[in-house]
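Please go through the two chains shown below with this report beside the structure. It starts with chain A and its sheet, then turns to chain B, and ends with some local backbone features.

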Amino acid sequence: MNVLMDYVEQAGVLVLDGAMGTQLFARGLASGGSPEEWNLTQPERVQDVHRAYVEAGSQIILTNSFGGTRYRLKLHNLQERVVELNRAAAQNACAAAAASDHRVLVAGSMGPTGELLIPMGTMSYEECRAAFAEQARGLVEGGVDILWIETMSDLNEVKAAIEGAREASAEIPICATMSFDTHGRSMMGVTGEQLAQELAGLGLTAIGANCGNNLPDTEAALAAMHTAAPDMVLIAKANAGMPRFEGSKLAYDGTPQVMGAYADRVHRNGVQLIGGCCGSGPEHIHMMRQVLSGEVPVPQVSIAAPAEAAATPAPVRNRERRLRRG
Amino acid sequence: MSEAEEIVLSELTLEDLYELMKEDLYDGLAAEIVEEVNEALSRGQTPYEVLTYGLVGGMEIVGNDFRDGILFVPEVLMAAKAMKAGMFILRPLLAETGAQKIGSMVIGTIKGDIHDIGKNLVAMMMEGAGFEVFDLGINNSAEAYLEAIAQHNPDILGMSALLTTTMPYMKVVIDTLKEKGIRQDLIVLVGGAPLNEAFAEAIEADAYCRDAAVAVETAKKFMQIRKGVQI
């Protein structure tokens, strides 16, 4: 039993937070700037985002460290400050959690490196694992309760991240989610079923789906995971629809009502960790928390039915080789 | 599976040789593509013919299956690698023979974003379709795009973003082009997972391209209009 399982069993369902990036933009982060650097240069603004989610009802908040591996930080010439920035990210979230009047767990966000593993790209599995281990070390030093691998596309990168996370701490609960944004699969073609089959045995506390480009595909992937690994705690942290510009501002289709109705539906389908991703702010999270706790009725909005889950393995190629290679 | 029979390239008809190239490209077999390109050239095929009937023909099938959710990024990347191996032989020959270029493109991933998988696919497919492509790589500021535009004078500017946090910067680049008075000289194409048509319209790009195959089709269409007007 770990701290996350304990909280899940006690509460039944836990509400996560929403987007971090858009909230930082709203507080003055320049387009193209490094969100992770703000953990040290603008800690009060990062904490302000965490506080807003805690006040909205989040029971688990994610650190501002999505792009916190050295591969991503290199972009801002911050690759030598991985541990320092991740530690600060953890401390900022922990400060907001400690100030809360309800129990809040802090999860250390670990996003993709952005690199491709060999043979598709040039990153070795070992380099990948080491990069995640380095990030996880900073997060653990900063005091996170959970390590949270998210928005992944490649199963091997997830496995490297799990190994790296485990290296940083032998006991810490680890969760992993992938983004199902391409014909109901991850960009690399992974289905929800494959995720569950390949990761369920690796000592994770929860698995699930985040981001994605529509609610129905994310929901379908979750249903497939539930079938493949019925005992696994599931996570849904979906985008509030797709981004669009309203004047010079980025806005999303998904209203708090839509996300509230969505939260209710995925919960009834067995998901116990529920939050938002791109486009969800504190007002979405607040609505989701109120709906899940029964304080407000489920909003009567129409949301698209879950899509058909993508089949494992991939669809049959449309060509049979006529000329066989020896 | 039974022992596959050995293929002897020199014994294949030209038609079968091109068929084999398409199949090997589909399966991402780079070494085999190199052999077949050399074989076709040794039979007196022009570099342009090899490019068109072999590589471009093959990548079109890959592009269609990618669009239809039959192939995913790993398979397409391996096919693109095989295409690159073939292009490595053909590119100098094409330059020598002065093969007609359809147009030119400066392409790059936007500032703050390091994702270049989709961008690389677009660059590869555009080159395969006969465009001259200048790839600026990742993390490009408005200044970097402006510099490349001044240097290469392209017909098309392509921008890519994978993150919702970086995509707004595309608007910064387009606004900068307007300030400099060169927006109307360029066809601006944008793409990336979180984008859509409405977004492209809002930032005043010329078009959103959902994937690499669509990017090529769109670029060709715009070039026709552009050349039609210019002539």
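## Chain A: overall build

Chain A contains 12 helices and 10 strands. The model is a predicted one, and the values that follow are computed from it.

The C-alpha trace of chain A spans about 65 × 50 × 50 Å along its principal axes. Its radius of gyration is 19 Å, which agrees with the value near 20 Å for a compact globule of 326 residues. Of these 326 residues, 57% are buried. Among the contacts in chain A with a separation of 6 or more, 79% are between residues 24 or more positions apart.

## The sheet of chain A

Eight strands of chain A make up an open sheet with parallel pairing, and their order is β1-β10-β7-β6-β5-β4-β3-β2. At the edges are β1 (14-15) and β2 (60-62) of chain A, each of which pairs on one side only. Helix α10 (residues 215-228) of chain A packs on this sheet, where it touches β6 (206-211) and β7 (233-238) of chain A. The direction of α10 makes about 170° with that of β7(A).

## Strand β5 of chain A and its neighbours

Where does β5(A) sit, and which strands does it pair with? In the sheet order, β5 stands between β6 and β4 of chain A. On one side, four bridges join β4 (residues 146-152) to β5 (residues 174-178) of chain A, and the two strands run parallel. Within this pairing, A:Trp148 has A:Cys175 in β5(A) as its bridge partner, and A:Met152 stands opposite A:Met178 in β5(A). On the other side, β5(A) is joined to β6(A) by four bridges, again with the strands running parallel. Here A:Met178 has A:Ala209 in β6(A) as its bridge partner. A:Met178 thus appears in both pairings, opposite A:Met152 and bridged to A:Ala209.

The connections on both sides pass through a helix. β4(A), helix α8 (residues 155-168) of chain A and β5(A) form a right-handed β-α-β unit. β5(A), helix α9 (residues 192-199) of chain A and β6(A) form a right-handed β-α-β unit as well.

## Burial of strand β5 of chain A

Is β5(A) enclosed or open? Five of its five residues are buried, so β5(A) is largely enclosed by the rest of the structure. In a regular strand the side chains alternate between the two faces of the sheet. In β5(A), A:Ile174, A:Ala176 and A:Met178 point one way, while A:Cys175 and A:Thr177 point the other way. The residues pointing in either direction are all buried.

## Chain B: overall build

Chain B has nine helices and five strands. Along the sequence they follow the pattern α-α-α-α-β-α-β-α-β-α-β-α-β-α.

The C-alpha atoms of chain B fill a box of roughly 60 × 40 × 25 Å along the principal axes. The radius of gyration of chain B is 19 Å, which agrees with the value near 17 Å for a compact globule of 231 residues. Buried residues account for 49% of the 231. Of the contacts in chain B between residues at least 6 apart in sequence, 74% join residues at least 24 apart.

## A helix pair in chain B

Two packed helices are described by the angle between their axes and the distance between the axes. For helix α2 (residues 30-42) and helix α4 (residues 73-97) of chain B, the axes come within 8 Å and cross at roughly 30°. This crossing of α2(B) and α4(B) is right-handed. From α2(B), the contact is made by B:Ala30, B:Ile33, B:Val34, B:Val37 and B:Asn38. From α4(B), it is made by B:Lys81, B:Ala82, B:Ala85, B:Gly86, B:Ile89 and B:Leu90.

## Local backbone features

In chain A, the peptide bond from A:Ile118 to A:Pro119 is cis, with omega near 5°. A:Pro119 is placed in the loop between β3 (105-110) and α7 (125-141) of chain A.

In chain B, B:Asn139 is not a glycine, yet has a positive phi of about 55°. B:Asn139 lies in the loop between β2 (131-135) and α6 (142-152) of chain B. It counts as partly exposed because it has 19 C-beta neighbours inside 10 Å, and a residue is buried from 20 upward. B:Glu204, also not a glycine, has a positive phi of about 65°. B:Glu204 lies in the loop between α8 (197-202) and β5 (207-208) of chain B, and is partly exposed, with 15 other C-beta atoms within 10 Å.

Conventions:
Residues are numbered from 1 along each chain as its sequence is written. Chains are lettered from A and ligands numbered from 1 in the order in which they are written. This is a predicted model: local features need pLDDT of at least 70, side-chain atom pairs count only at pLDDT 80 or more; totals for chains, interfaces and linings use all residues. Two strands pair if DSSP finds at least two bridges between them. Two residues are in contact if their C-beta atoms, placed from the backbone, lie within 7 Å. Axes are lines fitted to C-alpha atoms, for helices over the stretch in contact, and angles run from 0 to 180 degrees between N-to-C directions. The radius of gyration is taken over C-alpha atoms; the globule rule is 2.2 Å times the number of residues to the power 0.38. A residue is buried if 20 or more other C-beta atoms lie within 10 Å of its own, exposed if 12 or fewer, and partly exposed in between; C-beta atoms are placed from the backbone. A crossover is right-handed if, with the strands pointing away from the viewer, the path from the first strand over the helix to the second runs clockwise. A crossing is left-handed if the near helix is turned anticlockwise from the far one by less than a right angle, and right-handed if clockwise.
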